[in-house]
Amino acid sequence: MADILSSIMKDFGPWQLRAILLIYLCKIPSSWFMACLIYTAPAPKHGEFYCKPPLSVSSHFDETKWIKASHPVVEKVNDHEYTVDYCKVFENNLEYYNDENLTSWQQPSNNTKLVPCAAFEHLSEHVSIITQFDLVCSRYPLIALTQSAHLFGVLLGGIIATQLLKTISPRNTMLMGMYIQVAVGCFTGFVTAYEMHAMFRCLSAVFCAFMYTAGSVIMSDITGGKFKTVTICMFEQFWAIGVIMLPGLASIVNSWSGLYLAISLPTLFYIVLHKWIPESPRWLLKHGRVREAKEYLLEAARCNGTEDIIPSNLDQQLESLSKAAIEQPQPDAWWTIWKEKAATKNLICVHLAWGIFLTAYYGTLLNITAFGREKIEINTVAAGVSEMTGTFIGLFLIMFTKNKWIWCGLLNVLSGSVAYLAWLIPPEVTGSSRIALLMLTAMISKISISCCLALCFTCTAELVGASKKSGATYSCTIFGRTCFLVAPFIVALVPFGQLVPLTAFGSMVIVGGLIAMCINGTRTHPIVHKNAVYPESIFTSANWISDKPNGVIEMRL
């Protein structure tokens with residue numbers, strides 16, 4: 001099948017370029033849904049919420065007096081500044097509130113009892129899921145849970161899409177994902193219960209996964225050689241582009257519901273563009289749809305200028321290829337990859353690399369919220385640029401180095417160590433200068449993380465035999481997506497210290513780098529040297545007047 005299809009389609013041409021660019025676009029809304037939590041759940045500042053008063057005092061409510069009567073002072077900074085615990089209230093706060101002599105903040109004593117606040121009033125002008133669902137204090141971990149629900153949808157969507165692709169074509173799977181993603185995404189912004197919000201976030205991620213899982217199948221099938229390598233590696237660049245665009249979308253809305261509409265509705269334009277995305281000819285032949293496969297091949301030939309090499313008996317050849325593809329045994333199941341004893345060490349290491357770097361990738365992006373919301377737009381753009389830089393470095397290592405895993409691992413060990421430098425920033429450095437230094441230590445790690453993920457996405461299949469390639473990629477993907485479910489909860493460690501999540505991810509990057517250095521990979525595209533070996537030591541008219549000497553041997557190293 002490969003010979004006739006590859007000769008007609010070519011490894012790459014205008015037909016593939018148009019298709020690939022259109023498929024790449026599906027990564028943009030997918031990245032919006034993943035990273036939107038940065039803007040739908042901005043960390044509240046101290047004093048932007050307080051315990052909601054009971055209905056009995058709502059008619060004559062004095063906000064300042066209620067806060068002083070209800071919330072205990074944890075620390076007195078000076079005569080005019082106090083650190084107040086807005087998560088707990090005095091059990092007898094109504095007595096304090098009704099005391100006409102109350103003029104100052106109350107400090108807890110041995111005789112006072114504090115209880116957790118059950119409901120809150122929010123003073124922020126921006127309507128977020130934090131203000132909508134009271135996700136502060138003891139409910140703060142629920143922010144991480146809703147993000148983990150999204151990541152679980154990515155995991156689940158990949159598994160379901162892989163099974164659907166056995167019967168539904170990749171192009172139709174993509175279209176299904178587009179339609180349902182628009183509907184579910186819009187609904188997500190209007191649910192009024194936290195549980196429904198988490199469920200719809202999961203569902204939206206499922207159908208985002210449909211789009212890029214099916215799209216990657218098409219891209220892999222219609223490209224070849226080095227072009228396939230570049231195509232797969234560069235797929236992640238449009239994810240980074242989506243991250244860079246997200247602050248612009250967030251700036252035009254003033255609520256989390258509006259943001260969900262802003263990231264969902266653009267997919268309607270993508271549905272219009274879908275008609276120019278081709279089907280995979282190989283998938284069509286595998287499922288006996290020869291006529292459709294021929295139509296796409298002829299279209300590819302017209303665009304790529306290969307019409308002159310189409311054989312006269314194309315129909316018969318395609319019928320034969322289709323019959324052979326149908327009769328061909330199914331690829332080995334993914335769990336059989338462990339039967340390759342020679343590849344066991346590489347498989348263990350690459351699985352761990354997938355798990356560590358996917359977790360660190362999502363975690364470091366979400367963790368920019370720990371550095372404050374004053375410069376969140378700039379920080380988001382910086383994160384996207386860092387991802388793009390790392391992917392380009394990864395592509396360079398793949399295309400031009402032999403020991404790509406060693407170089408990538410070394411880069412991660414060094415960059416992960418930089419994260420520890422955040423502890424050396426003097427406390428006197430505050431404001432924008434401190435944010436810039438914290439971002440620098442975080443984004444150096446992010447560059448190396450994206451670099452290693454580029455290798456994982458592109459080169460995992462090289463580590464096993466031909467019959468195990470799809471199984472190895474599938475197994476690593478599922479393992480990695482299972483691991484990254486914990487990423488939001490690592491970010492949620494911020495209350496224990498601003499630098500705790502950054503240090504945790506930096507440590508993961510170092511460990512992941514050491515593991516990557518243990519992978520024994522080969523050069524992705526071996527260098528081809530051409531040597532002319534002449535059978536005759538004396539030139540005669542039989543060889544010196546010809547354009548190409550006899551006996552040319554192509555030597556691969």
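These are my notebook entries on a predicted protein model.

**Entry 1: confidence**

I began with the pLDDT, which averages 87 over the protein. Of the residues, 90% score at least 70. I then looked up the weak spot: over residues 532–557 the pLDDT is below 50. Beyond near neighbours in sequence, that stretch still has 23 contacts in the model. I keep a reminder here that predicted coordinates should not be read in detail where pLDDT is low.

**Entry 2: overall layout**

Next I wanted the general plan. I found 24 helices and eight strands in the protein. The C-alpha atoms fill a box of roughly 115 × 50 × 40 Å along the principal axes.

The domain assignment gave me three entries to write down. Domain 1 is made of two pieces, 1–42 + 134–328. Domain 2 covers 49–123, and domain 3 covers 331–526. How far apart are the centres of domain 2 and domain 3? Taken over C-alpha atoms, the separation is 45 Å.

I also checked how contacts are spread along the chain. Among contacts with a separation of 6 or more, 80% are between residues 24 or more positions apart.

**Entry 3: surface and charge**

The protein has 557 residues, and 49% of them count as buried. I noted an accessible surface of about 25800 Å². Carbon and sulfur atoms account for 63% of that surface.

For charge, I have 40 positive and 38 negative side chains on the page. The centres of the two sets lie 9 Å apart.

**Entry 4: a covered helix**

Is helix 13 mostly covered or mostly exposed? I looked along residues 256–264 and found helix 13 mostly covered, with eight of its nine residues buried. The buried residues are Trp256, Ser257, Gly258, Leu259, Tyr260, Ala262, Ile263 and Ser264.

**Entry 5: positive phi**

A backbone reminder first: most residues other than glycine have a negative phi. With that in mind I stopped at two residues.

Lys10 has a phi near 70°, a positive value in a residue other than glycine. I placed Lys10 in the loop between helix 1 (2–9) and helix 2 (14–24). Its relative accessibility is 34%, so Lys10 counts as partly exposed.

Cys137 is the other stop, with a positive phi near 55°. This cysteine sits in the loop between helix 7 (129–133) and helix 8 (141–164). Cys137 is partly exposed because its relative accessible area is 21%, and buried would mean under 20%.

**Entry 6: Arg139**

I stayed in the loop between helix 7 and helix 8, where Arg139 also lies. With a relative accessible area of 30%, Arg139 is partly exposed. What does Arg139 touch, not counting residues up to four places away in sequence? I listed Phe133, Asp134 and Tyr194. I also checked Ala118, which is 21 residues from Arg139 along the chain. Their C-alpha atoms are separated by 9.9 Å.

**Entry 7: Ser204**

Ser204 took me to helix 10, residues 194–222. Is Ser204 buried or exposed? Its relative accessibility is 1%, so I put Ser204 down as buried. Leaving out residues up to four places away in sequence, Ser204 touches Phe33, Gln181 and Val184. I added Val182 to the page too: Ser204 and Val182 are 22 residues apart in sequence and 8.3 Å apart in space, C-alpha to C-alpha.

**Entry 8: Glu327**

I found Glu327 in helix 17, which runs over residues 314–327. The relative accessible area of Glu327 is 61%, so this residue is exposed. From Glu327 to Lys286 I noted 8.9 Å, C-alpha to C-alpha, with their positions 41 residues apart in sequence.

**Entry 9: Asn520**

My last stop was Asn520, in the loop between helix 24 (500–516) and strand 7 (528–532). Asn520 counts as exposed because its relative accessibility is 52%, and the cut-off for exposed is over 50%. Which residues is Asn520 in contact with, leaving aside neighbours within four places in sequence? I wrote down Lys345, Asn346 and Leu463. I also looked up Ile406, which is 114 residues from Asn520 in sequence. In space, Asn520 and Ile406 are 8.5 Å apart, C-alpha to C-alpha.

How values were computed:
Residues are numbered from 1 along each chain as its sequence is written. Side-chain values use heavy atoms; hydrogens and water are left out. pLDDT is the predictor's confidence in each residue, from 0 to 100. Contact means heavy atoms within 4.5 Å. Domain bounds come from an automatic or database domain assignment. Helices (H or I, at least four residues) and strands (E, at least two) are DSSP runs, numbered from the N terminus. Buried means under 20% relative accessible area, exposed over 50%, partly exposed in between (1.4 Å probe, protein chains only). Accessible areas come from the Shrake-Rupley method with a 1.4 Å probe; for residues, only the protein chains shown count as cover. Lys and Arg count as positive and Asp and Glu as negative; His and the chain ends are not counted. The place of a charge is taken as NZ of Lys, CZ of Arg, CG of Asp or CD of Glu.
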